[in-house]
Amino acid sequence: MTAQPLIDAARSLSARVDAMRFAPPVSHVYNPLDYAWAVHQRYLERFGSGRKRVVFVGMNPGPFGMAQIGVPFGEIASARDWLGLEGPVGQPRETNPKRPVEGFACARSEVSGQRLWGLFRTRFGTPEAFFAEHFVANYCPLAFFEGGRNLTPDKLPAAEQRPLLQACDEHLRTLVDTLQPEWVIGIGNWAEKRASEALAGTAGLRFGRILHPSPASPAANRGWTEAATRQLQTLGIWAN
């Protein structure tokens with residue numbers, strides 16, 4: 001089994017969302033499936049093959065993670081040194097001077113990605129062991145900015161959300177049809193809500209969520225690794 005259906009689906013999603021336009025207060029929109037496609041494609045080729053038992057779904061790219069290199073929760077050190085990913089990264093259509101894209105040269109750490117991939121590295125040791133039964137994706141591929149401030153998709157007006165959510169729902173359904181998981185786990189409440197709505201008609205699929213690892217969350221800062229592990233064990237996904 002190959003990752004080609006995921007690659008085709010990501011290309012299609014990229015083209016659909018790239019044509020969308022967003023009004024102020026959105027000042028800049030980044031589509032890393034475009035300018036960081038080479039790295040994203042390598043992520044899918046290397047880790048997207050075969051059936052997965054669990055698919056983790058995040059919200060959208062963080063400014064110092066996927067927005068830099070095209071890898072979900074793509075904290076630079078984790079993506080480069082643990083996942084073994086590399087590749088050229090271009091530039092968005094319109095660069096936000098307050099959030100430059102520096103690719104693998106970005107010196108800022110995406111804390112959410114550092115926590116997420118750090119948990120998987122500690123528990124599984126190698127990427128191959130983790131991805132044998134797991135996969136990580138983002139629901140929405142676009143990063144939105146209001147100047148230097150990150151805007152999440154749930155803050156967009158309903159009229160702008162509607163076509164975006166439709167495209168992302170369809171992509172998520174293709175991803176799940178391809179990977180055939182038993183579980184879809186939202187990384188945070190919004191991602192779980194979107195996944196459960198998009199995939200409501202999928203027979204036998206179970207849903208859950210883990211605490212989002214963002215440093216903006218006080219709960220995540222009080223021991224995210226322990227909390228997320230406990231949630232996955234309570235669901236019966238991971239053994240105690």
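Let's start with Trp82, which counts as buried at 10% relative accessibility. Its ring forms a tilted aromatic pair with Trp117, 6.3 Å centre to centre and with 50° between the planes. This is a predicted model, and a search of the whole structure finds 19 aromatic pairs and 11 salt bridges.

**Aromatic pairs**

- The tilted pair links distant parts of the chain, with Trp82 in helix H5 (residues 76-82) and Trp117 in helix H6 (residues 111-124), 35 residues apart.
- Trp117 has a relative accessible area of 0%, so this residue is buried.
- Among the 19 aromatic pairs is a stacked one between Phe47 and Phe131, at 4.1 Å centre to centre and 20° between the planes.
- That stacked pair also joins distant parts of the chain: Phe47 sits in helix H3 (residues 37-47) and Phe131 in helix H7 (residues 127-131), 84 residues apart.
- Phe47 is buried at 3% relative accessibility, and Phe131 is buried at 4%.
- Ring pairs connect a cluster whose members include Tyr43, Phe56, Phe120 and Trp238, and both pairs described above have their residues in that cluster.

**Around Asn138**

- Asn138 belongs to strand S3 (residues 134-138) and counts as buried, with 10% relative accessibility.
- The side chain of Asn138 reaches the backbone nitrogen of Met59 at 3.5 Å.
- Leaving aside residues up to four places away in sequence, Asn138 touches Val57, Gly58, Met59, Asn60, Pro61, Met66, Pro72 and Phe73.

**Salt bridges**

- Side chains of opposite charge can pair when their charged atoms come close.
- One of the 11 salt bridges joins the side chains of Glu170 and Arg16, at 2.6 Å from N to O.
- Here too distant parts of the chain are linked: Glu170 is in helix H8 (residues 158-179) and Arg16 in helix H1 (residues 4-18), 154 residues apart.
- Glu170 is partly exposed at 31% relative accessible area, and Arg16 is partly exposed at 32%.
- Arg46 and Glu128 form a salt bridge as well, their closest N and O atoms being 3.3 Å apart.
- Because Arg46 lies in helix H3 and Glu128 in helix H7, this pair ties together parts that are 82 residues apart in sequence.
- Arg46 is partly exposed, with a relative accessible area of 40%, and Glu128 is partly exposed, with 47%.
- Asp81 and Arg80 meet through their side chains in a salt bridge of 2.8 Å, N to O.
- Within that bridge, Asp81 is exposed at 55% relative accessible area, whereas Arg80 is partly exposed at 40%.
- A network of salt bridges links Asp169, Lys193, Arg194 and Glu197.

Conventions. Residues numbered from 1 in each chain as written. Predicted model: local features only at pLDDT ≥ 70, side-chain atom pairs only at ≥ 80, totals over all residues. Heavy atoms only, no water. Phe/Tyr/Trp six-rings, centres within 6.5 Å; stacked < 30°, edge-to-face > 60°. Helix = DSSP H or I, 4+ residues; strand = E, 2+ residues; numbered from the N terminus. Buried < 20%, exposed > 50% of the residue type's maximum accessible area, 1.4 Å probe, protein only. Polar contact = N/O pair within 3.5 Å; in protein donor to acceptor, adjacent residues only side chain to side chain. Contact = heavy atoms within 4.5 Å. Salt bridge = Lys/Arg side-chain N within 4 Å of Asp/Glu carboxyl O.
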